[in-house]
Amino acid sequence: MRWCWLSPSAKSRTAENCFRKMAMRLIILGSASGYPTAKRTNSGYILDIDDSLILFDCGSGVTRAFMQARLNPHLLNNIIISHTHPDHISDLPQMVQMMKLFRKTGTVNIYLPDEALEPIGKYLKACYLYQEGLPFELRLRPVVESWKVDKTETTIRSIANNHLDDHAEMVGERGYFNKTQSYSYALSSGGKRIFYSGDIKSLEDIKSDLDDLDLLLVETTHFNVGDLFEIAAARDIKKIVLTHIADEKEDEIKMAVENNKFGLELILARDGDIIFL
């Protein structure tokens, strides 16, 4: 069964339009930056491909947002993490527990940066989320260069970025286990091409991967959005969703969107928004 829920930013859509057959939709569960805020949930994005759900990132409050969106836990088979900053991963145990309590079956794949596989595995056990107590098979998998997503005709390609480079000196000096792994993701499914930036250090991390996209889901915290618009104007990008929004930058981003002179289709993400592809 497909749920369809109209967010405040989608009031102009009729229920008939909402329930028309759509092969793919993006649901914004959380659009906040890493700064604490009362206005938004941390990063979490559902891609619904023919009623198979893929969750990109799982920050604080994402499980609650998942339920608010009336999504079906039994359809969630894949969770993909961009990096392990708390605002992208802190709700992961709660999401696993939700699926346990709803008696989900089958397999759930959680794709993680390689550096996180062992500690996250131990953390889930510390939360009493043992494999033996789960009604589904939980697989923690390393992010690799590319892979096919279970239960969909979807291919994902990972693009390593430099978001965590500032930690490298500390990691080296202290001998921490971290490898400063952070990823953006390019997804191809049913003839659609989607790019999720995750968090990046600068636009240099992603600008070579932005050609011919149906949708660009891009953070706004670590660069000037006006610079993005100039790059995007030279590419064939049908929709750009601006997310990972800090309270103190929101007015600046809104102004940049309103003054967009390139004719780009820009969407300022809000929690609960649904974007059809």
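**Exercise 1.** Identify the residue of β12 that stands opposite Glu 219, and place the pair in its sheet.

*Solution.* Glu 219 stands opposite Thr 243 in β12, where strands are DSSP runs of E with at least two residues and helices are runs of H or I with at least four, numbered from the N terminus. The model is predicted, so that local features need pLDDT of at least 70 and side-chain atom pairs count only at pLDDT 80 or more, while totals for chains, interfaces and linings use all residues. Residues are numbered from 1 along each chain as its sequence is written, and side-chain values use heavy atoms, with hydrogens and water left out.

Next, β11 (residues 215–219) and β12 (residues 240–243) run parallel and are joined by four bridges; two strands pair if DSSP finds at least two bridges between them. The open sheet that holds them has seven strands in mixed pairing, ordered β7-β8-β9-β10-β11-β12-β13, with β7 (146–149) and β13 (266–268) as edge strands.

**Exercise 2.** Determine which residue of β3 is the bridge partner of Leu 47, and describe the surrounding sheet.

*Solution.* The partner of Leu 47 is Ile 54, within the antiparallel pairing of β2 (residues 44–49) and β3 (residues 52–56), which extends over five bridges. The sheet is open and mixed, with seven strands in the order β6-β5-β4-β3-β2-β1-β14. Because β6 (137–142) and β14 (274–276) each have a single partner strand, one side of each is left without a neighbour in the sheet.
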